[in-house]
Amino acid sequence: SIPESLRETWRKHSAQGFVDKDGFEREFVQHIETTLARSLYNCDELAAYSGTALAFRDKLIIEWNKTQQRQTFVDQKRVYYLSLEFLMGRALDNAMLNIDKKEAARDGLGELGFRIEDIINQEHDAALGNGGLGRLAACLLDSMATLNYPAWGYGLRYRYGIFKQEIIDGYQVEVPDYWLDFNPWEFPRHDVTVDIQFYGQSIRHQDENGKVKYDWVGGEIVQAVAYDVPIPGYGTKTTNNLRLWSSKASSGEFDFQKFNAGEYESAVSDQQRAEAISAVLYPNDNLDRGKELRLKQQYFWCAASLWDIVRRFKKTKRAWSEFPEQVAIQLNDTHPTLAIVELQRILVDQEGLEWDEAWRIVVGTFGYTNHTVLPEALEKWSVPLMQNLLPRHIQIIYDINLFFLQYVEKKFPRDRDLLSQVSVIEESQPKMVRMAYLAIIGSHKVNGVAELHSDLIQTTIFKNFVKIYGPDKFTNVTNGITPRRWLHQANPRLSDLIASKLGGYDFLKDLTLLSGIERYVDDADFCKEWSEIKTANKVRLARHIKETTGYTVPPTALFDIQVKRIHEYKRQQLNIFGVIHRYLKIKSMTPEERKKLVPRVLIFGGKAAPGYWMAKTIIHLINSVGKVVNNDSDIGDLLKVIFIEDYNVSKAEIIIPASDISEHISTAGTEASGTSNMKFVLNGGLIIGTLDGANIEITREITESNVFLFGNLAEDVEELRQSHRYAGFTLDDNLAKVFDAIQSNTFGDAGSFEHLIASIADHGDYYLVSDDFDSYIKTQEIVDRDFKKRDEWIAKSITSVARMGFFSTDRVIDEYAESIWNVEPLVVE
Ligand code: GPQ
């Protein structure tokens, strides 16, 4: 660093960033003219977005620097959040809010010839995630910064995020999402690089003292390069870091010898092989596919992150025993479980610690969050695959397992069944490594993400581990959402109305303050404004629907929305069968009966994994039904069915505030938590749902009279499935009629939907669509009835919002900090 005697010059010129409208304009024009080499003659909206983003980026990085210097100086315990997915969405509006300079930018852009909303809409989403798990990681980062926790995220810098979805002739088509053309929010750190090893062999030998050591030799090397993304907190100077790793051929690997020897192509193909590691996000949600490249991604990212974390710790010259007092690492599902093995390897093989001491440090450092009980989502890696790719790690895994099984054997002598049930190695053909078991054994705390889910993991998939370790190792941290993005940014008018009654925006930092609006439920003016805001949000969505699908939908109709990944367990098929039932019913009604109906717009959105045929069939059915219903002049505005393509974070910000009701209708016991349920209620929409995931806790908070619940309970699901198998299966009458309609080609060629129907009618109805159908359509009738009582509906909406304080990720982060991480906030002056 620079000697003290010269630092005055530095301080005199230290960057400040703009402070007001004039300053913003100056920075904007400067960036347009120099950084972007443009001028007032060719500054389109995209360039204006770039100029604005760069001006805000300067502000962010100044605060980022201060935060990092302060955190390094104070050197208290830090949190590292390891996630393969960060579904960040757009950054500019969030930066404007958190830096508190949105008005300066609005005025400045106005004077320069632009509308701020148009500029914000130019930004490409950062879509490095599939769905709920990735978006949760983004909300948690927002809250960690807002609450001043010294916390870093670690992930992968995919060149292609989740694919863009197009709907062509009613079918999903995937288009690559290349999003890095212009990304002002990342800072490449070409000085922060590390070589990561793959393949080769583990060689056993003895050192000069006769101690057995292992050397990992040979194989190939790929370089990891850090890219940093600043994460600003709201109403604080704290700006944390999200470090994303990008892969490239290590300088040794892009072989100049080969190159000079004329083997240009093979030199380039090495390069491409290395770059493939961080090229693309796997588009599966709640599904494990066991692909080698995915395992490479996992190790590459874990090893680079651990190298960085250990390096930072070693600079402080503390004893290794202090590591867990300085470092907490949270594993977002099992994807980063190799970090456990990697830390043990670093401590034993590289730092020379004894196994037991190293293992105490490892377990003290890690926490593991489970996000699913679905068997197809529980990660397993084949032993031969790991043996080949990570020869030393597989040895360490076997040793971890050996010591663990010895511990179990001591506690429960001669219980061979138990040993084979809890072994990290599944004795299948080929043998498999059970990653969740490894994550449990290597962590000091394991949590689920909603009460029901945390109970379920303790009584089903992990029950043996509760028996072995006792219940204290397991806990619950119910998910949340950040109110900055999901209330203030997505629904500014609602946020402003609330602020006008609560005397300011403190509720964005303490969401429990929302309870203060409950006393306005009888205030006619307030209710009227509340209702007008909802209508305005519906008009905005109707405009988007018109622009993107061509369909006109009436904003006075009941907007009924289901947006989330398409999955059989989330039961979009139940919804669309319900829509068909409604359609058939309307068709059979007299004009008099029709007059009493509440017009409905059904809105669907969500991506199917490219290889998930049943999910794709469901998308096709929704679009086929839409085509028939929306063009049926006999139906008119009574029913519309819309599929919004390419559902993502920025679309969610338009869709969610426009709901009257939204659907969270998973088979009970399958949705770990759900988080869009929270977003919808926070925006004044009511929900129809099953007693699953966080629906249960939402109901407890806002009370049962404000939720439309239906369907079988989680505790009865297994028995129902058994009864389908052995006692025979009769289809619900109304569902049978729906199937008849489909099978008589009402919605196009019935052959397309044959397997979807068969999975229910002939193959056991695993997701209990038929069992829940009657209860579902009856509850939808109650929704129709209640929606007509406009005043009561608005009162329910207001009351629900007032009671949503619990579901902020600020509360979530405080719980993790207190019960898992043992970290304290650190305020940056
Ligand atoms: N979740 Cl395992 C995902 O979005 N993807 C996954 O691969 C797994 C879980 C979700 C889960 O389905 C939701 O119920 C949760 O609300 C969400 O994680 C965050 O915990």
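Is Thr670 buried or exposed? Thr670 counts as buried, at 7% relative accessibility. Buried means under 20% relative accessible area, exposed means over 50%, and partly exposed is in between (1.4 Å probe, protein chains only).

**Before you start**

This is a predicted model, in which local features need pLDDT of at least 70, side-chain atom pairs count only at pLDDT 80 or more, and totals for chains, interfaces and linings use all residues. Residues are numbered from 1 along each chain as its sequence is written, and side-chain values use heavy atoms, with hydrogens and water left out.

**Stop 1: Thr670**

Stay on Thr670. It is in the loop between strand S22 (661–664) and helix H27 (676–682). Helices (H or I, at least four residues) and strands (E, at least two) are DSSP runs, numbered from the N terminus. Now add Met432 to your selection. The two are 238 residues apart in sequence, and their C-alpha atoms are 24 Å apart in space.

**Stop 2: the ligand**

Select the ligand and the residues around it. There are 16 of them. A residue is near a molecule if one of its heavy atoms lies within 4 Å of it. Which residues come nearest? They are Leu133, His371, Asn479, Glu671 and Gly674.

Colour the shell by class. Five residues are nonpolar, eight are polar and three are charged. Here Ala, Val, Leu, Ile, Met, Phe, Trp, Tyr, Cys and Pro count as nonpolar; Asp, Glu, Lys and Arg count as charged; the others, Gly among them, count as polar.

Next, look for polar contacts. A polar contact is a pair of N or O atoms within 3.5 Å; within protein, one must be able to donate a hydrogen and the other to accept it, and residues adjacent in sequence count only if both atoms are side-chain atoms.

- His371: an N or O atom of its side chain is 2.6 Å from an oxygen atom of the ligand.
- Ala672: a polar backbone atom is 3.3 Å from a ligand oxygen.
- Ser673: here too a polar backbone atom is involved, 3.0 Å from a ligand oxygen.

How much of the ligand does the protein cover? On its own the ligand has 450 Å² of accessible area, and the protein covers 95% of that. Accessible areas come from the Shrake-Rupley method with a 1.4 Å probe; for residues, only the protein chains shown count as cover.

The space that the ligand takes is the largest cavity. A cavity is a set of points, on a 1 Å grid over the protein atoms alone, where a 1.4 Å probe fits but cannot get out. A molecule sits in a cavity if more than half of its atoms lie within 2 Å of its grid points.

**Stop 3: Asp125**

Select Asp125. It is in the loop between H6 and strand S3 (126–128). At 8% relative accessibility, Asp125 is buried. Show its side chain and find two partners. One is the backbone nitrogen of Val649, which the Asp125 side chain reaches at 3.4 Å. The other is the side chain of Ser650, in a polar contact of 2.7 Å.

While you have H6 on screen, click Ile116. It lies in that helix, residues 116–120. Ile116 is buried, with a relative accessible area of 2%. Its C-alpha atom is 7.4 Å from that of Ala105, eleven residues away along the chain.

**Stop 4: unusual backbone**

Most residues other than glycine have a negative phi, and most peptide bonds are trans. Now visit some exceptions.

Select Asp100. It has a positive phi of about 65° although it is not a glycine. Asp100 lies in the loop between helix H4 (92–99) and helix H5 (102–112). It counts as exposed, at 62% relative accessibility.

Move to Asp646. It also has a positive phi, about 55°, and is not a glycine. Asp646 lies in the loop between strand S21 (639–644) and helix H26 (649–655). At 8% relative accessibility, Asp646 is buried.

Then select Gln429 and Pro430. The peptide bond from Gln429 to Pro430 is cis, with omega near 0°. Pro430 is in the loop between strand S15 (425–426) and strand S16 (432–434).

**Stop 5: partly exposed residues**

Finish with Ile654, in helix H26. It counts as partly exposed, at 23% relative accessibility. Ser515 is partly exposed too, with a relative accessible area of 44%. Find Ser515 in the loop between helix H21 (492–502) and helix H22 (524–549). Its C-alpha atom is 30 Å from that of Ile603, 88 residues away along the chain.

Methods: On a 1 Å grid over the protein atoms alone, a cavity is a set of points where a 1.4 Å probe fits but cannot get out, and a pocket is an open set with protein on both sides within 12 Å along at least five of seven lines; lining residues have an atom within 4 Å of a point.
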